[in-house]
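Biologist: I would like a close look at a single part of this protein and at what surrounds it. Please keep the account plain and work outward from that part.

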Amino acid sequence: MSKVKPAPLPPDTVIGGYRVVRRLSAGGFGVVYLSLDMEGQQVAVKEYLPSSLATRAPGELLPKVQADKLSLYRLGLKSFFEEGRSLAQISHPSVVSVLNFFRENETVYMVMNYLEGATLQDFIITARDLKTQKVFRESTIRSLFDEVLRGLRIVHQHKMLHLDIKPANIFITDDNKAVLIDFGAAREVLSKEGNFIRPMYTPGFAAPEMYRRDASMGPWTDIYAIGACIYACMQGYPPNEAPQRLEKDRLSLALSRLRGVYSDNLIEVVEWCMALDPLSRPQSVFALQKELSREGERRYTKLTVGEKVRLQFDTLVSDTKKKTGREATDMGAKPK
Ligand SMILES: Nc1ncnc2c1ncn2[C@@H]1O[C@H](COP(=O)(O)OP(=O)(O)OP(=O)(O)O)[C@@H](O)[C@H]1O
Ligand SMILES: [Mg+2]
């Protein structure tokens with residue numbers, strides 16, 4: 001990986017008829033700009049620019065790609081373009097709208113409607129810092145994920161998988177709508193071909209099958225990530241990584257601490273979505289939606305005294321481990 005990030009396009013650069021206002025973010029695979037279209041409307045433009053494969057000097061337009069990385073760069077470019085094409089066919093309030101995508105400067109640009117608000121990740125961090133008993137209210141979690149799942153269902157109907165669902169890729173607009181962003185088809189191809197699978201997935205949210213080359217991914221892979229996002233909304237931090245869970249699974253223990261705070265049904269939904277065996281998870285978004293909408297059956301089972309004592313002991317042990325370990329810092333990407 002090159003250490004220096006490729007330079008973003010400077011303000012006022014015009015690409016495909018869109019004028020760059022400023023950079024909104026720079027991730028591993030591209031740069032997102034706030035831009036204006038010909039009518040002066042705000043749009044978000046995402047530029048394909050994987051920092052591990054390309055460099056760009058300040059003030060330049062064209063990325064420079066080393067000869068030995070060119071085929072991988074082109075492969076990623078092709079799937080970024082295809083992602084734009086597939087997303088452009090989807091029109092749903094919970095899926096970011098792709099308005100246009102085009103080639104220029106030896107790369108590809110995806111034009112999206114500009115969303116104003118913050119990511120769910122930002123909200124979780126703010127809520128967690130308030131140190132209240134609940135990070136989010138149960139009704140908030142249910143209505144938030146009801147929206148996300150409506151969008152995800154359409155995505156799956158279009159034979160696409162997201163494969164990087166995490167709080168940083170769920171955008172909450174100022175008018176309180178949840179929108180899925182960052183489909184990352186390029187990331188998916190590059191991770192397979194580029195021999196660098198693990199660092200590309202966000203710990204805690206990636207299903208166990210994403211760590212195996214031969215495993216078959218499907219709607220259940222995104223559903224695992226949805227379960228992990230609900231978990232993060234309840235706990236304020238992500239669950240343990242899948243490989244760690246395969247060694248020693250503490251999910252039920254962590255969730256049992258939330259008994260009485262969240263309903264048994266919501267806790268069961270998270271356990272179901274996050275089953276390590278893909279076949280034990282909801283196999284479709286529809287199946288999950290059905291379960292999540294069973295509002296009437298909410299029961300809150302409090303912990304018994306014996307369970308409380310056991311939990312306090314377990315917490316003490318795991319807190320001691322945390323002081324030397326990393327569990328609490330695994331929130332994934334930092335808020336941008
Ligand atoms: N349509 C949009 N409107 C407003 N802001 C956006 C939009 N799309 C992306 N952003 C901003 O840019 C950030 C990064 O976007 P995105 O998640 O698509 O890319 P990324 O995480 O950098 O991508 P990758 O993981 O492929 O490197 C988002 O967190 C958000 O702040
Ligand atoms: Mg992202």
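Where is Lys159 found? Please take the helix beside that residue as the part to describe, and follow its contacts from there.

Modeller: This is a predicted model, and what follows is computed from it. Lys159 is found in the loop between helix 3 and strand 10. Helix 3 is followed by this residue, whose phi is near 60 degrees, a positive value in a residue other than glycine. With a relative accessible area of 77%, Lys159 is exposed, because the cut-off for that term is over 50%.

As background, the protein has eleven helices and eleven strands. Of its 336 residues, 50% count as buried. Among contacts between residues at least 6 apart in sequence, 63% join residues at least 24 apart.

Now the helix itself. Helix 3 has 20 residues, and the distance from its first C-alpha to its last is 28 Å, close to the 28 Å expected at 1.5 Å a residue. Its buried residues are Glu138, Ile141, Arg142, Leu144, Phe145, Val148, Leu149, Gly151, Leu152, Val155 and His156. These pack against helix 2 (120-129), strand 10, strand 11, helix 6 (219-235), helix 9 (264-273) and helix 10 (285-292). The partners are taken in turn below.

Start with helix 10. The axes of helix 3 and helix 10 come within 9 Å and cross at roughly 160 degrees. Angles over 145 degrees count as roughly antiparallel, so helix 3 is roughly antiparallel to helix 10. On the side of helix 3, the contact is made by Arg142, Phe145, Leu149, Arg150, Leu152, Arg153 and His156. Helix 10 contributes Val285, Phe286, Leu288, Gln289, Glu291 and Leu292. Helix 3 passes helix 10 in a left-handed crossing.

Helix 9 can be approached through one of its residues, Leu266. This residue is buried, with a relative accessible area of 0%. Leaving aside neighbours within four places in sequence, Leu266 is in contact with Glu138, Ile141, Arg142, Ile230, Met234 and Leu292. Of these, Glu138, Ile141 and Arg142 are among the buried residues of helix 3, Ile230 and Met234 are in helix 6, and Leu292 is in helix 10. Leu266 is also 9.8 Å from Tyr300, C-alpha to C-alpha, with their positions 34 residues apart in sequence.

Helix 6 meets helix 9 directly. Ile223, Tyr224, Gly227, Ile230, Tyr231 and Met234 in helix 6 meet Leu266, Ile267, Val270 and Cys273 in helix 9. The two helices pack at an angle of about 140 degrees, with their axes 8 Å apart, and are therefore oblique to each other. Helix 6 passes helix 9 in a left-handed crossing. Helix 6 is mostly covered, with 15 of its 17 residues buried. Its end C-alpha atoms are 24 Å apart, which agrees with the 24 Å that its residues should span at 1.5 Å a residue. Gly236 follows helix 6 and has a positive phi, near 95 degrees.

Helix 2 is another partner of helix 3. In helix 2, Leu120, Gln121, Asp122, Ile124, Ile125 and Ala127 are buried. What covers these residues includes strand 9 (117-119), helix 3, strand 10 and helix 6. Just after helix 2, Lys131 takes a positive phi of about 55 degrees.

The strands lead to the metal site. The protein donors of the magnesium ion (ligand 2) are Asn169 (OD1) and Asp182 (OD), lying 2.2 Å from it. Asn169 lies in the loop between helix 3 (138-157) and strand 10 (170-173), and Asp182 in the loop between strand 11 (178-180) and helix 4 (185-193), so the pair ties together parts that are 13 residues apart in sequence. Asn169 is buried, and so is Asp182. The loop after helix 3 thus holds both the exposed Lys159 and the buried donor Asn169.

One residue elsewhere can be set beside Lys159. Asn105 has a positive phi of about 50 degrees although it is not a glycine. Asn105 lies in the loop between strand 7 (98-104) and strand 8 (107-113). At 12% relative accessibility, Asn105 counts as buried, whereas Lys159 is exposed.

Conventions. Residues are numbered from 1 along each chain as its sequence is written. Chains are lettered from A and ligands numbered from 1 in the order in which they are written. This is a predicted model: local features need pLDDT of at least 70, side-chain atom pairs count only at pLDDT 80 or more; totals for chains, interfaces and linings use all residues. Side-chain values use heavy atoms; hydrogens and water are left out. Donors are N, O and S atoms within 2.8 Å of the metal (3.2 Å for Na, K and Ca); water is not among the atoms, so sites may look incomplete. Helices (H or I, at least four residues) and strands (E, at least two) are DSSP runs, numbered from the N terminus. Buried means under 20% relative accessible area, exposed over 50%, partly exposed in between (1.4 Å probe, protein chains only). The expected span of a helix is 1.5 Å times one less than its number of residues. Contact means heavy atoms within 4.5 Å. Axes are lines fitted to C-alpha atoms, for helices over the stretch in contact, and angles run from 0 to 180 degrees between N-to-C directions. Angles under 35 degrees count as roughly parallel, over 145 as roughly antiparallel, 65 to 115 as roughly perpendicular and the rest as oblique. A crossing is left-handed if the near helix is turned anticlockwise from the far one by less than a right angle, and right-handed if clockwise.
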